[in-house]
Each structure stands twice: as structure tokens, then as C-alpha cells.
Amino acid sequence: MPGFELFGDLERKEVNDVLDNGVIMRYGFDGMRKGHWKAKELEQELQNTFQSKHVQLVSSGTAAVSVALASAGVGAGDEVIMPTFTFVASFEAIMILGAIPILVDIDDTLGLNPEAVEKAITPKTKAIMVVQMCGSMAHMDALQAISNKHNILLVEDACQAIGGTYKGKPLGSIGDLGCFSFDFVKTITCGEGGAVVTNNEEYYTNADHYSDHGHDHIGNDRGAETHPFLGYNFRISELHAAVGLAQVKRLPEFLEIQKRNFDSLRNALSEIPEVTFRTVPEGGVESCAFLNFFLPDIETSRKVIEAFKEDGVDVCWNYYDNNWHYIRKWDHLKDLKSLFPISTEVKKGLAYLKNAEFPKSDHYIERNISCLIKLSWTENEVKERASKMVVCIKRALKN
Ligand SMILES: *Cc1c(COP(=O)(O)O)cnc(C)c1O
């Protein structure tokens, strides 16, 4: 997945452009910047890439999720439905707004289970946040239907699925708002950065203002701009945007390499009858950032992870035992360990998590192994990796 594996002259040139004129901020200083608007240019590129009318760059993927929700009016006491399998950023981005994350089960897509979503809807539900984990997608038609039926927002976190599509549309462009991350390990990187995409002009204008202290961005005198509403600082810098601008131009190349490496590994593993793969909804095309497969039980997945470690097969994880991506290890959330007081409303709203169990999610996550697909592997390295993986899995299945 990581675009940083292939840094080169293009990245250097874009960054040097910014350093040469010295304007590292994305807004203002029109006279000094000699026509360089890297963040604006990147937003235009991303409109094409993600086939969305509007793109607002921000400082991170986590910021993108918060800004997206805030722009659509989600805040204090509102419930946002999100999956048990995601990244900690999902609940962080919800809670910073005073809203309440409602965690529900996933299915064999490794994304939100539509039935579980429907069951979790209450009069307080403001948004469904689908997270397109590990390069693929949840059952988007079903989720969209639920969101339409109940008239609640569908927000898409496509941070890990840059380049994936569903029925011809880029992942991230399907919901009312989409969120991307360009942190250091994502398919294209800015170092740190993120984007909110939407076809809704009002949400876009809100995102533009909110991510820059509420500035209205009218005219060319920043000091004279008014603040129609309260905002915050989630800005990206020109230096970060410059790196992203170089990277986005190489995205088709990255995706091609990713697919080639993914296909080689998948073909090798599909010869083992006990190995099954995640469901990709009909009409969906994975970005191939990760290869995900299921083993018959948790004992086997733990043995396979051990065997991978011994044989030097890196960048593969079982998320059941992982601190970052699965509810099981999020004690700081369950115990509400916060540096500052949390509102009574949120405390009450999260009480359900203390003893919540998610056997359906466990069923998929404990048997799942997720392997990052790197861009820098040579053809030989991929072949070698594939055969090592097959040997390790067969060995684990035997004893
Ligand atoms: C990386 C990631 C984020 C957060 O992005 P940052 O840029 O690191 O803040 C959010 N959601 C998912 C699914 C991610 O993988």
C-alpha cells in the first residue's frame, strides 16, 4: 500500500517548488507565491480521482472524518453507527464532536453488516459511518437503502481503499460524504493529510470554512475575512500537499503494481482448500492494498501468524490480537479513559460498551489474516513470499 516506497524526483520537484518561493501555507500570501497553489491543485486532481464535485483537503484522515461529520451537522448527543473492525480514528473523530459512537457487527466483507446497522438505529442516529477496510467494501447498496429509508447520513471512510470501486464509482464517492487519509502508510501519502469529498455544495462550503477557523475565504485579504460560524484548524500545509500532488499523479502506476502483487499471492493461496477469501460485493473491485483471507479457526490463524514470523513473512496480521483495529483491545474506550471530563450524555451513551459482546465480528476477525501488499517487492520476492505463505499455512493446518 504505502506510496512512500516509491518516492522519487516528482515528489522532490513539487516540494522544492514550495520551498523556492517560501509560502508554506495554503491560504493567502497571493503576491509571494508565484502562482504555486499546491493544495488547490491537489484538490482539483482529487476531484477527478474520486469523481466528486468537491474536495476539501485537511490535516489528517482523522480530521477528515470529524470535519465531514461536523459539516453535515453531527454533534453533541448524536449517535453515529460504526463498525467494530476499523481504526481507532473512527471513534476518536466522532467523540471529539461530543457525538456517541455506536459499534455494530461486521460481516464477511469485513465491513458493516447491514442488518446490524438497521437494528442499531434509534431516534438519535444521525449517521452511518461505513469503513472500507483493507482495500475493499461493505454491502453498499444495502447500506445506502437503509440510509435513504431512515433519512440518515451515509459517511464513507475510504482511508484504506484509495483506488477501489463499487459499480464503477470510486470508494469514498458513494456516501453523502467520503473521507480519505494520506498519512505515511496510505496508498498515496502527503506525510500527513486527509480529504473530505462530497457532491453536496453546502457540506463542502461548511468543510472549507470549518477546517480553517470558520474563515469564509472570500476576497484576497485573509485578515478581512468574516467568520459565518465557529471553526477549528484542520488545515494541510503546502509542503504536505506538494508531496501528495506528486503521489496522486502516480496513483494508476501504484494501483497496477498493487494488483499484480495481490493477484500472485491470492492465486497461490487459493490452491489451499481450507483458505477462503473475504466477500467482495457484486460490482465491487478491490484496491488490492491488502490481501485478506480466512482460516478455519482461531488456533490455525494464530499458528499461521507464528509460522509467518519464523519464516520471515512480514506485514501480515491477525486483528483479533491487535490493539489498533478491533474492539476487543480497546479498553481505553470501554473504560472511557479521558484526559478531560466527558459529558454525561456521552458517558451514558457509551455505557453499553462496557459488557458488549460481538460474537459475529469475533467469528470473522479471529479467523482472518490480513497482509499488506507492498509496492517495492520485486517479482521474485512476490513469488518467494507466495510459496513461503503456502508452506506455512499447510504446516499450520496439519498440526
Ligand atoms: C489511517 C486511517 C484513518 C486516519 O487517518 P490519519 O491520517 O492517520 O489520521 C482513519 N480511518 C482508517 C480506516 C484509516 O486506515
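**Notebook: two pockets and one disulfide**

I began with the lining of the largest pocket, whose residues divide into 13 nonpolar, 8 polar and 4 charged. I note at the outset that I am working with a predicted model, and that every value below is computed from it.

**Entry 1, the largest pocket.** I looked up the volume, which comes to about 520 Å³ for the largest pocket. Of the 25 residues that line it, I wrote down those closest to its centre, namely Phe87, Gln160, Val185, Lys186 and His325. I then asked which helix supplies the largest share of this lining; the entry I made was helix α3, residues 61-71, which contributes 3 residues. Next I wanted to know where the largest pocket lies with respect to the domains. Because domain 1 (3-250) and domain 2 (252-398) both give residues to its lining, I placed the largest pocket between them.

**Entry 2, the second largest pocket.** For the second largest pocket I recorded a volume of about 420 Å³. It is lined by 16 residues, and Met95, Ile96, Ser338, Phe340 and Ile342 are the ones closest to its centre. When I sorted the lining of the second largest pocket by residue class, I found 10 nonpolar, 4 polar and 2 charged residues. Two helices, α4 (89-95) and α11 (331-334), each supply at least two residues of this lining, and α4 gives the most, with 3 residues. I also checked the domains here, and the lining of the second largest pocket draws at least three residues from each of domain 1 (3-250) and domain 2 (252-398).

**Entry 3, the disulfide.** I turned to the cysteines and asked how many disulfides the model holds; the count comes to 1 disulfide. The partners are Cys316 and Cys371, with their sulfur atoms 2.3 Å apart, and the link of Cys316 and Cys371 is right-handed, with 110° about the S-S bond. The pair joins distant parts of the chain, since Cys316 sits in strand β13 (residues 316-317) and Cys371 in strand β14 (residues 368-372), 55 residues apart. I asked myself whether Cys316 and Cys371 are buried or exposed, and I noted both Cys316 and Cys371 as buried.

**Entry 4, two cysteines outside the disulfide.** Cys190 is in no disulfide, and the nearest cysteine sulfur, that of Cys159, is 12 Å away. I recorded Cys190 as buried, because its relative accessible area is 3%, against a cut-off of under 20%. Cys288 is likewise in no disulfide, with the nearest cysteine sulfur, that of Cys134, 12 Å away. The relative accessible area of Cys288 is 6%, so I entered Cys288 as buried too.

**Entry 5, the sheet around the disulfide.** I followed strands β13 and β14 into their sheet, which is open and is formed by 4 strands in the order β10-β12-β14-β13, with antiparallel pairing. Why do I call β10 and β13 edge strands? Both β10 (276-277) and β13 have a single partner strand, so one side of each is left without a neighbour in the sheet. Looking at the contact of β13 with β14, I noted antiparallel pairing over 2 bridges. Finally I looked up the bridge partner of Cys316 in β14, and wrote down Cys371; these two residues are thus entered twice in my notes, as bridge partners and as the cysteines of the disulfide.

Notes: Residues numbered from 1 in each chain as written. Predicted model: local features only at pLDDT ≥ 70, side-chain atom pairs only at ≥ 80, totals over all residues. Heavy atoms only, no water. 1 Å grid on protein atoms, 1.4 Å probe; cavity = no way out; pocket = protein on both sides within 12 Å on 5 of 7 lines; lining within 4 Å. Points joined across faces, edges and corners; volume = space filled by probe spheres on them. Nonpolar A, V, L, I, M, F, W, Y, C, P; charged D, E, K, R; others polar. Domains from an automatic or database assignment. Disulfide = S-S within 2.5 Å. Buried < 20%, exposed > 50% of the residue type's maximum accessible area, 1.4 Å probe, protein only. Pairing = 2+ DSSP bridges.
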